[in-house]
Amino acid sequence: MPEEEVVEIKFRLYDGSDMGPFRYSPASTIAMLKERIVAEWPKDKKIAPKGANDIKLINAGKILENNKIVGQCRVHFGDLPEAVITMHVVVQPSVTKVKTAEKKVDEPPRNNLCSCSIM
C-alpha cells in the first residue's frame, strides 16, 4: 500500500524560535496553516496573533496567499531529498481605525517652517 504524500513544515517566529515541524497534506491551504499557527502559538511570546488575518506567511521570499495550497510552495532542488520547508511568520495585528482617528485629534498641528532662498 503506497504511503500518502505529506509535506513537513516548520514555522520560524519573529524571535528566531520555531514551531513544528508539522505534517500537512499537499492539498492543505495556507489559510489552514494560519489557523493552526494561531491555535498552537506559544503562550510565553510578547506578540501574539488574535486571528489568522493577523498572520503573514513568507516562503522563498514571497508572501503566501490564503487560497494557495501547500503543494505549490515546494521548491525542488534537483536531486536533494525532500526536506522540511521553513516558512517565516510575520504577525501584523490589525489596527483599529478608531485609535488612528483619536491619535490625529490629540496631536498638535505641525507647522512646516521650510523655506528656500535663491541667490
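1. Lys10 has a relative accessibility of 22% and therefore counts as partly exposed, since the buried class is reserved for values under 20%. This note concerns a predicted model, and Lys10 is a convenient place to start because this partly exposed residue belongs, with Arg12 and Asp18, to a network of salt bridges.

2. Within that network, Asp18 is the partner of Lys10: their side chains meet in a salt bridge with an N to O distance of 3.6 Å. Asp18 also forms a salt bridge with Arg12, where the closest N and O atoms are 2.4 Å apart. Arg12 is partly exposed at 26% relative accessibility, and Asp18 is likewise partly exposed at 37%. Neither value falls under 20% or goes over 50%, so both residues sit between the buried and exposed classes.

3. The count of salt bridges comes to 4. Among them is one between the side chains of Arg36 and Glu40, at 3.8 Å from N to O. Both residues belong to helix α1 and lie 4 residues apart, about one turn of the helix. Arg36 has a relative accessible area of 30% and is partly exposed; Glu40, at 41%, is also partly exposed.

4. The overall fold may now be set out. The protein chain contains 2 helices and 5 strands, and their order along the sequence is β-β-α-β-β-β-α. Among contacts with a separation of 6 or more, 57% join residues 24 or more positions apart.

5. On burial and surface, the protein chain has 119 residues, of which 24% count as buried. The chain exposes about 9400 Å², and carbon and sulfur atoms supply 54% of that area.

6. The largest nonpolar core holds 20 residues, and those touching the most other members are Ile9, Phe11, Leu33, Ile37, Leu57, Met87 and Val89. At least two residues of this core come from each of β1 (7-12), β2 (18-24), α1 (30-40), β3 and β5 (85-91). Strand β5 provides the largest share, 4 residues.

7. Phe11 deserves separate mention as one of these core residues. Setting aside residues up to four places away in sequence, Phe11 touches Ser17, Asp18, Met19, Phe22, Tyr24, Leu33, Ile37, Leu57, Met87 and Val89. The list includes Asp18, the residue that forms salt bridges with Lys10 and with Arg12. It also includes Leu33, Ile37, Leu57, Met87 and Val89, which are named with Phe11 among the core residues touching the most other members.

8. Is Asn59 buried or exposed? Asn59 has a relative accessible area of 10% and is therefore buried, the limit for that class being under 20%. Its place is in strand β3, which covers residues 55-59. Leaving aside neighbours within four places in sequence, Asn59 is in contact with Leu64, Cys73, Ile85, Thr86 and Met87. Met87 is thus a contact of Asn59 and a contact of Phe11.

9. Three places merit inspection in the structure: the salt-bridge network of Lys10, Arg12 and Asp18, the Arg36 and Glu40 pair in helix α1, and the surroundings of Asn59 in strand β3.

Notes:
Residues are numbered from 1 along each chain as its sequence is written. This is a predicted model: local features need pLDDT of at least 70, side-chain atom pairs count only at pLDDT 80 or more; totals for chains, interfaces and linings use all residues. Side-chain values use heavy atoms; hydrogens and water are left out. Buried means under 20% relative accessible area, exposed over 50%, partly exposed in between (1.4 Å probe, protein chains only). Contact means heavy atoms within 4.5 Å. Accessible areas come from the Shrake-Rupley method with a 1.4 Å probe; for residues, only the protein chains shown count as cover. A nonpolar core is a set of buried Ala, Val, Leu, Ile, Met, Phe, Trp, Tyr and Cys residues joined through side-chain atoms within 4.5 Å.
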